Amino acid sequence: MRKALPKFGLNFFCLLVYIFLAAPIVVVLFSSLTTTEYIVFPPKGLTLRWYTELVNHPEFMQSFMLSIGVAFGTAIISTVIGTMSSIAVVRYQFRGKTAIMQLVGSPLLIPTVVFGVALLQFYSWIGLATSPAALVIGHIILTIPFVMRLVVASLVGFDRSIEQAAMNLGAGSMRVFFQITLPIIKSGVIAGAIFAFITSFDDLTVALFIVSTDVVTLPVRIFTYMQYQYDPIITSVSSIVILLTVVLMVVIERVLGVGKVFESKNE
Amino acid sequence: MQPETAYQEQELLFKQKKKNLSKKRMDYLLLLLPTLGIFIFFFLLPLFFLFITGFKTFDASSGVGNDWTLENYTKFLSDTFYLGVLWRTVKIALLTTLVAIVISFPVAYQITKANRRIKNYLTLIVLSPLLISMVIRCYGWVILLSNNGVVNNALLKFGWIDKPLTLLYTEFSVVIGMVHVLFPYMVLSIMGSLERIDPSVIRASQNLGASPIRTFFSIVLPLTLPGIFAGSVMVFSLGISSFVTPAILGGPQVKVMSFLTYEQVAVMLNWPYGSAIGFLLIFIATITIIIYSKLLTTSKKGVAIQ
């Protein structure tokens, strides 16, 4: 009895915390099914009307496709160049390595707003403002720290004698990389790519500064729509994004195991 | 004859090594080039230029001037309104950190005690918010906390209140939203410390007759302090610089430093002042990290002495 009570208390407290964590997400999902013209939870009646209504709002679809495109571009470029740099950092001895590591890690310390403002000013000076490419460059900088951390971690515990064996058997350095090195560090690289994708897809702060009327990513679209209207359209758009994220999470879990991905984000 | 061949062989080997070495030197530069290029041109350079802009004059009619001035910084540091915003930013981040510690510790404790399968599921539940779009999660809080929102409706129905409470666009809603966003970082950090505790230490304490509560307060809690500390620094520094949550759940009513920066640049078009506010924010965030690492090294020394 003396032991059971604290344990019950602990579990009850944790349950409350889990409800707190799930609440905003559950509320968005359920209120997208309401038949009313305004957002209400619990929803009144059940309808998929706000999903079909999306047909009348092509701008959301446009923004969604743009966000997907930008996130894909960011993930691919960030992963490729981040992996290259990770190899340089782990495998070679050179001066200034610590400085370089600090430089590529610093986007995590600089407030994103300040980086967004700096980028906007710079872009308007060099005349590169408001294009998807400009946004991808900004997102590459935000995501490189994650990619490099994950890839460096998988390179550090790497047994290089396998590579040596392949070289001795006459494989060229490119062939060694693609047939030996890459398959072994694969999980780190994939995790980095997924993280880059999610970070880019979720970014509001930098995108807010680099948008124009025809380059509006989904988070920015939702953010601006929300300030003027309060109808359930937003909840249906958001629900679609949530469901897609859940699918992506299941894929990550199957391929890598979630814990592993998060270890890097925490450090 | 033989020594000569050996010598030649050695020389050949040496030359080859040298060639490999110089090739390697080129390799790492090539590998680093794309990342470094992007970082120098699109990160360091823009930030440097923005820093410079912070020392330029500004006029509402003619825009950014060419003269140098310290006015942007002195204006901020001598105006009670702006200092109030700075204080609010720090206060919200501190409150967020405290609440995060209080609700994270039991969860981290429960997860580390659970068996492996349940542990994986719980970790997934705790961490999944990180993956779901921040804008959408904040939007969920808007639905929950608005005047005719879920929380107010429930309280009215139970008759606990007569008229809706103002929950949204207050410091309260910003702290709630930020705890929700930053909670996973704290849990992971505390879990890291809890997992490193040697179970034999806890058994020893129990064998010596300490009650579970005494064991918790004199053994478990002190040993997890480094994790709590590391998590706090992370939550605090992410908290003072976060933009999305205060912008959606606080808006112009609850201005924080990041929102002020945004407003000065995007609405007032006062770039120099926006820059000054932004760099003050960077300054505070950096100071926090420096104090933290200083404290960490001294506490490590303390542990070594023990």
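Start by selecting helix 5 of chain A, and colour its buried residues: Thr112(A), Val113(A), Val114(A), Phe115(A), Gly116(A), Val117(A), Ala118(A), Leu119(A), Leu120(A), Gln121(A), Phe122(A) and Tyr123(A). Here a residue is buried if 20 or more other C-beta atoms lie within 10 Å of its own, exposed if 12 or fewer, and partly exposed in between, with C-beta atoms placed from the backbone. Helices (H or I, at least four residues) and strands (E, at least two) are DSSP runs, numbered from the N terminus. This is a predicted model, in which local features need pLDDT of at least 70 and side-chain atom pairs count only at pLDDT 80 or more, while totals for chains, interfaces and linings use all residues. Residues are numbered from 1 along each chain as its sequence is written, and chains are lettered from A and ligands numbered from 1 in the order in which they are written.

**Stop 1: helix 5 of chain A**

Stay on this helix for a moment. It is mostly covered, with 12 of its 15 residues buried. Why does its length make sense? At 1.5 Å a residue, residues 112-126 should span 21 Å, and the end C-alpha atoms are indeed 21 Å apart. (The expected span of a helix is 1.5 Å times one less than its number of residues.) Just after the helix, click on Gly127(A): its phi is positive, near 75°.

Now pick Leu119(A). Leaving aside neighbours within four places in sequence, Leu119(A) is in contact with Gly138(A), Val206(A), Phe209(A) and Ile210(A), and also with Phe42(B) and Pro46(B) from chain B. In contact means that the C-beta atoms of two residues, placed from the backbone, lie within 7 Å.

**Stop 2: the core**

Leu119(A) has company. It is listed with Val135(B), Tyr139(B) and Leu182(B) as the residues with the most contacts inside the largest nonpolar core, which has 143 residues. A nonpolar core is a set of buried Ala, Val, Leu, Ile, Met, Phe, Trp, Tyr and Cys residues joined through C-beta atoms within 7 Å. Which helix gives the largest share of this core? Select residues 132-156 of chain A: that is helix 6, with 16 residues in the core.

**Stop 3: helix 10 of chain A**

Next, select residues 218-228 of chain A, which form helix 10, and find Val220(A) in it. Val220(A) counts as buried because 22 other C-beta atoms lie within 10 Å. Not counting residues up to four places away in sequence, Val220(A) touches Leu204(A), Ala207(A), Leu208(A) and Val211(A). Try a distance from Val220(A) to Phe60(A) as well: they are 160 residues apart in sequence but 10 Å apart in space, C-alpha to C-alpha.

The buried residues of helix 10 are Leu218(A), Pro219(A), Val220(A), Arg221(A), Ile222(A) and Phe223(A). Their cover includes helix 3 (58-91), helix 8, helix 9 (205-209) and helix 11 (233-255) of chain A, together with helix 5 of chain B.

**Stop 4: a pair of helices**

Show helix 7 (residues 161-168) and helix 8 (residues 173-202) of chain A, which pack at an angle of about 145° with their axes 10 Å apart. Axes are lines fitted to C-alpha atoms, for helices over the stretch in contact, and angles run from 0 to 180 degrees between N-to-C directions. Ile162(A), Glu163(A), Ala166(A) and Met167(A) of helix 7 make the contact with Val176(A), Ile180(A) and Thr181(A) of helix 8.

**Stop 5: where the chains meet**

Zoom out and colour by chain. 61 residues of chain A are in contact with 59 residues of chain B. Several elements of chain B give two or more residues to its side, including helix 4 (116-127) and helix 7 (171-196). Helix 1 of chain B gives the most, with 16 residues.

**Stop 6: each chain as a whole**

Hide chain B first. Chain A has 12 helices and 0 strands, and 44% of its 267 residues are buried. Its C-alpha atoms fill a box of roughly 70 × 70 × 35 Å, taken along the principal axes.

Swap to chain B, which has 12 helices and 2 strands. Of its 306 residues, 38% are buried.

Finish on Gly84(B), in helix 3 of chain B. Is it buried or exposed? Gly84(B) counts as exposed, because it has 11 C-beta neighbours inside 10 Å. Its C-alpha atom and that of Phe217(B), 133 residues apart along the chain, are separated by 37 Å.
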